[in-house]
Structure formats: structure tokens, C-alpha cells
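Here are my notes for you, point by point. Keep the model open while you read.

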Amino acid sequence: MLKIPAIDIIDGKVVRLSKGEYNSIVSYSKTPLEQAKIYDVLGFEWLHMVDLSGSKDGKINTQKIIEEIKNKTNLKIEFGGGIRTKKDVVELNKFGVDGIIIGSLSIIDKKEFESIFTEVIPDKIIIASDVLDYQIRIKGWTENSNVNLFDHIEYCNKLGIDNYLCTDIAVDGMLTGPNYNLYKSILAKYPKIKLTASGGVSSIHDIIKLAELPIRGVVIGKAIYENKINLEELAKLAV
């Protein structure tokens with residue numbers, strides 16, 4: 001199971017939110033590149049990057065940061081936030097982004113979303129579903145799409161996409177533990193997808209418990225920045 005450290009960015013700074021609330025911003029002192037270099041030195045393979053300003057405003061603001069991290073580390077980057085057009089996806093693909101995380105676009109503009117696959121293969125796409133009670137929230141979690149999680153996976157599966165990231169908003173940034181039942185229910189219905197869990201991780205114990213499920217990986221954010229998890233221990237953890 002991949003252990004994927006997260007960097008969330010607002011105005012060029014590393015930040016964390018609680019339950020996706022933009023009025024709960026906590027900023028951290030290191031720049032995104034400084035933080036990424038720490039993960040790189042410790043041997044992490046993937047970095048999860050989210051442009052939170054982009055998620056809310058619908059415009060990517062972090063191209064230079066992505067480029068810096070790609071050029072100065074060996075990390076693979078999965079990136080999301082502010083991706084609203086096919087052009088955004090094609091440009092991120094040209095930047096060398098390894099996993100392009102799409103959330104709102106796949107729900108609010110299906111014609112534009114489906115046009116992506118004329119230029120980018122489905123394997124490069126990770127569908128992000130940020131959910132409250134199995135309902136997907138969009139635009140930086142500020143709006144309820146009224147789309148059911150399972151209906152959306154069904155739709156994306158038919159397009160050849162098998163990589164999914166699911167965040168339970170109710171526990172994200174709360175350090176209360178992941179919603180294991182959510183991931184079990186997804187895998188029970190779609191056992192062949194590559195599922196990454198996100199939200200709520202508070203300890204190494206949470207990660208070991210998640211590794212009992214057949215999931216691709218887990219995104220770890222606030223627990224790192226609040227020193228609830230020792231990074232060296234996390235990097236060496238064999239799960």
C-alpha cells in the first residue's frame with residue numbers, strides 16, 4: 001500500500017483545513033518545495049498535491065510549484081485543484097504530472113470531461129470523490145452535487161478509469177481516524193478499482209488498519225504536520 005504524504009497549498013503556502021472549511025486554515029512554515037524535499041529524501045514515492053485556491057476558484061495557481069518539485073525531486077506527483085477544462089489536463093500531462101486528480105469537472109461538465117480522453121489516457125486520471133454521507137461535494141467542497149458516490153464510480157468505470165481517491169469530509173483534518181466502513185463499502189461493490197483513502201488518519205495504527213484492505217494507498221496530511229506521525233517511522237513502515 002502506498003503511503004502518500006500530502007501538501008495542500010493556498011497562496012503558495014503549505015496549509016491544512018479542517019473538514020474542508022476555508023475559515024479553518026492553518027499555515028506551516030516550510031515552502032512546498034522544502035516540504036517535498038523532506039519526503040523525497042525519506043524515500044516516499046508519491047506526493048499528493050492539492051491547490052486549494054484552485055479548487056475553490058476553478059483556476060490552477062500552482063504551475064511553478066509543480067514544475068519546481070518535478071525538477072528538484074524524484075517524487076511522482078498526483079495533483080488536483082482547479083482543473084476545470086481539457087486544456088488544464090493536457091497542460092498538466094505535459095508538465096509531467098503523474099496522476100491528474102479530477103473532481104468537479106467530471107460532474108459539472110461531462111462533455112468537456114469525456115473529451116480529455118482524446119489526448120490523455122485514462123490511466124493518468126484519478127477521480128476524486130469528496131463525500132458526505134455518500135453524496136459528492138464539488139468546487140472545493142463548497143457545493144453539494146447531489147450525485148451519489150456509487151453512481152459516479154459506475155459512470156467513470158465505463159470510461160475506462162480505474163483509479164479513485166475518496167475523502168470523507170466529515171473526518172478530514174480532524175485526526176479522528178479514517179472512515180473504514182466507507183472504503184469497505186466501495187471495495188465490496190467495486191473490488192477491481194485502485195482505491196486511495198484520504199481523510200482522518202491520525203496515527204501509524206490507522207495506516208496499518210487501512211493496509212488490511214485491498215487499497216492502492218492512503219493520503220496522509222495533518223497527522224504529519226501536527227507531529228502525530230513520525231515521518232521516519234512512516235517511511236520505513238512495511239505495509
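1. Start with the largest nonpolar core, which has 66 residues; Met-49 and Ile-186 touch the most other members. A nonpolar core here is a set of buried Ala, Val, Leu, Ile, Met, Phe, Trp, Tyr and Cys residues joined through side-chain atoms within 4.5 Å. Buried means under 20% relative accessible area (1.4 Å probe, protein chains only).

2. A word on where this comes from: the model is predicted, local features need pLDDT of at least 70, side-chain atom pairs count only at pLDDT 80 or more, and totals for chains, interfaces and linings use all residues. Residues are numbered from 1 along each chain as its sequence is written, and side-chain values use heavy atoms, leaving out hydrogens and water.

3. What does Ile-186 touch, not counting residues up to four places away in sequence? Look for Leu-149, Phe-150, Ile-153, Cys-166, Ile-193 and Leu-195 (contact means heavy atoms within 4.5 Å). Apart from the largest core lies another one, of eight residues, including Ile-4, Ala-6, Ile-101 and Ile-126.

4. Now find strand S6, residues 99-102 (strands are DSSP runs of E, at least two residues, and helices are runs of H or I, at least four, numbered from the N terminus). Gly-99 and Ile-101 point one way, Ile-100 and Ile-102 the other, and all are buried. In a regular strand, side chains alternate between the two faces of the sheet.

5. S6 has parallel partners: it pairs with S5 (residues 76-80) over three bridges, and with S7 (residues 125-132) over three bridges too. Pairing takes at least two DSSP bridges between the strands. Phe-79 has Ile-100 as its bridge partner, while Ile-101 stands opposite Ile-126.

Technical notes:
Buried < 20%, exposed > 50% of the residue type's maximum accessible area, 1.4 Å probe, protein only.
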